[in-house]
Amino acid sequence: IAGAFAHYGSPISVAHRAYRSISSNPPRTNGNLNQRLFSLSSKGRVAQWRVALHAFENHPLAGVGPGGYEQQWFLHRPASWKVVDAHNLYLETLAETGVVGMVLLGLALAAPLAAFRRARREPFAAAALAAYVAYLAHAAVDWDWELSGVTLGALLCGGALLAAGRSDSRAGRWRSLPIVLGATVTLAAFFGLAGNLAISSARNALQSGNYARAAVDARRARFLAPWSATPLQLLGDAQFRLGQTFEASQTLQTAVSKESRDWTLWLDLARVSGSSTRTTALATAERLNPLDPSIAAIGRSLPPPGGDTRP
């Protein structure tokens, strides 16, 4: 340690050097990823974390809404690159669901840690704890906690700790509770899966040019996922391509009323609307995504209202 300080400077100097390294761009690898082994570069994560904190500061109690980080990134990003996740489970949870969501997440993730005190003498309990803690640490710097294979492995380790640390005298009293909760979550997951499958089917039909089928699938997705604006966006696109310009405009206006922070919805609305609505929609899209020059270019390329607006 003394040799490291003699070489790199005082602890304060080392901290400054480490922060500059984390904030810097990653080194050029030229196809050899081994060159990144000793790099502390966050590859833009510091900027992503700042956007998440900014969203939390503006909406501390309940956040901007689940899935809303991407919209916050487009609105406040310092560079033009696209990001969907904050690359930090805890900051993204704070940004999207606020203190309420973070408390619920913290209680859920802390339960296996608390159970280890009772389970520590069980075989492999320490290994399960190590794997679980590694997952918790990694979730603070990347997005792959969203991969079911990664998170299910960690939850199995956490569940093993809970099972090993349970008190048999209390187990019978609460045995039915996880079954009821698990069944409820399973039903909700299957319902969400059905909505996602309908959305995917509508997208595939649009890409293949089967616009009538896309409209049918989008309406089915709207029934299965009434909270989402995506089925309405797909339905509006299908109606527009079928020549139903007025219906498409009405559908997309409903979509933007449901999710007014999605700049792609406003851009789609501009494509199908008259001059006054188009001007407002384009201005809103540019405000929500100010670093994207393609929005203004698309606006200039649109045909005059009232003409043939089909692509």
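**Exercise 1. A helix and a distant partner**

In which helix is Phe 56 found? Then work out which residues Phe 56 touches, not counting residues up to four places away in sequence.

*Solution.* Before we start, keep in mind that this is a predicted model.

Step 1. Find Phe 56 along the chain: it belongs to helix α3, which covers residues 45–58.

Step 2. Set aside the residues up to four places away in sequence; Phe 56 then touches Leu 94, Ala 95, Gly 98 and Val 99.

Step 3. Pick Leu 94 from that group and compare sequence with space. Phe 56 and Leu 94 are 38 residues apart in sequence, yet their C-alpha atoms are 5.8 Å apart.

**Exercise 2. The whole chain**

Describe the protein chain: how many helices and strands does it have, and what percentage of its residues count as buried?

*Solution.*

Step 1. Count the elements: there are 15 helices and zero strands.

Step 2. Turn to burial. The protein chain has 311 residues, and 35% of them count as buried.

Step 3. Look at the surface. About 18500 Å² is exposed, with carbon and sulfur atoms supplying 62% of it.

Step 4. Consider the contacts with a separation of 6 or more: residues 24 or more positions apart account for 55% of them.

**Exercise 3. Two nonpolar cores**

Which residues touch the most other members of the largest nonpolar core, and which helix gives the most to this core?

*Solution.*

Step 1. Recall a general tendency: in soluble globular proteins, nonpolar side chains tend to be buried together.

Step 2. Go to the largest nonpolar core, which has 20 residues; Trp 263, Trp 266, Leu 269, Val 272 and Ile 295 are the ones that touch the most other members.

Step 3. Ask which helices contribute. At least two residues of this core come from each of α11 (230–241), α12 (245–258), α13 (263–272) and α14 (275–288). Of the contributors, α13 gives the most, with seven residues.

Step 4. Apart from this core lies another one, of 14 residues, and Val 51, Trp 73, Leu 91 and Ala 95 are among them.

Step 5. Zoom in on Leu 269. Leaving aside neighbours within four places in sequence, Leu 269 is in contact with Ser 249, Leu 252, Gln 253, Val 256, Thr 277 and Ala 281.

**Exercise 4. An asparagine in a loop**

Is Asn 88 buried or exposed, and which backbone atom does its side chain reach?

*Solution.*

Step 1. Place the residue: Asn 88 sits in the loop between α4 (69–76) and α5 (89–119).

Step 2. Check the relative accessible area. The value for Asn 88 is 8%, so this residue is buried.

Step 3. Follow the side chain of Asn 88, which reaches the backbone nitrogen of Leu 91 at 2.9 Å.

Step 4. List the contacts of Asn 88, leaving aside neighbours within four places in sequence: Trp 49, Ala 139, Ala 140 and Asp 142.

**Exercise 5. Charged pairs**

What is the count of salt bridges? Examine the pairs Arg 220 with Asp 217, Asp 268 with Arg 271, and Arg 261 with Glu 259.

*Solution.*

Step 1. Start from the principle: side chains of opposite charge can pair when their charged atoms come close. Here the count comes to six salt bridges.

Step 2. Take Arg 220 and Asp 217, whose side chains meet at 3.2 Å, N to O. The two are three residues apart in helix α10 (residues 211–224), so about one helical turn separates them. Arg 220 is partly exposed at 37%, whereas Asp 217 is buried at 0%.

Step 3. Widen the view: Arg 213 joins Asp 217 and Arg 220 in a network of salt bridges.

Step 4. Move to Asp 268 and Arg 271, with closest N and O atoms 2.7 Å apart. They too are about one helical turn apart, because three residues separate them in α13. Asp 268 counts as buried at 19% relative accessibility, since buried means under 20%. Arg 271, at 29%, counts as partly exposed.

Step 5. Finish with Arg 261 and Glu 259, where the closest N and O atoms are 3.5 Å apart. Arg 261 is partly exposed, with a relative accessible area of 27%, and Glu 259 is partly exposed, with 21%.

**Exercise 6. A patch on the surface**

Which residues make the nonpolar surface patch of about 410 Å²?

*Solution.*

Step 1. The patch is made by Ile 1, Phe 5, Tyr 8 and Val 14.

Step 2. Look at one of its residues: Tyr 8 lies in helix α1 (residues 2–8), and counts as partly exposed at 43% relative accessibility.

Technical notes
Residues are numbered from 1 along each chain as its sequence is written. This is a predicted model: local features need pLDDT of at least 70, side-chain atom pairs count only at pLDDT 80 or more; totals for chains, interfaces and linings use all residues. Side-chain values use heavy atoms; hydrogens and water are left out. Patches are made of residues with over 30% relative accessible area and no salt bridge: like charges are joined within 9 Å, nonpolar side chains (Val, Leu, Ile, Met, Phe, Trp, Tyr) within 5 Å. Accessible areas come from the Shrake-Rupley method with a 1.4 Å probe; for residues, only the protein chains shown count as cover. A salt bridge is a side-chain nitrogen of Lys or Arg within 4 Å of a carboxyl oxygen of Asp or Glu. Helices (H or I, at least four residues) and strands (E, at least two) are DSSP runs, numbered from the N terminus. Buried means under 20% relative accessible area, exposed over 50%, partly exposed in between (1.4 Å probe, protein chains only). A polar contact is a pair of N or O atoms within 3.5 Å; within protein, one must be able to donate a hydrogen and the other to accept it, and residues adjacent in sequence count only if both atoms are side-chain atoms. Contact means heavy atoms within 4.5 Å. A nonpolar core is a set of buried Ala, Val, Leu, Ile, Met, Phe, Trp, Tyr and Cys residues joined through side-chain atoms within 4.5 Å.
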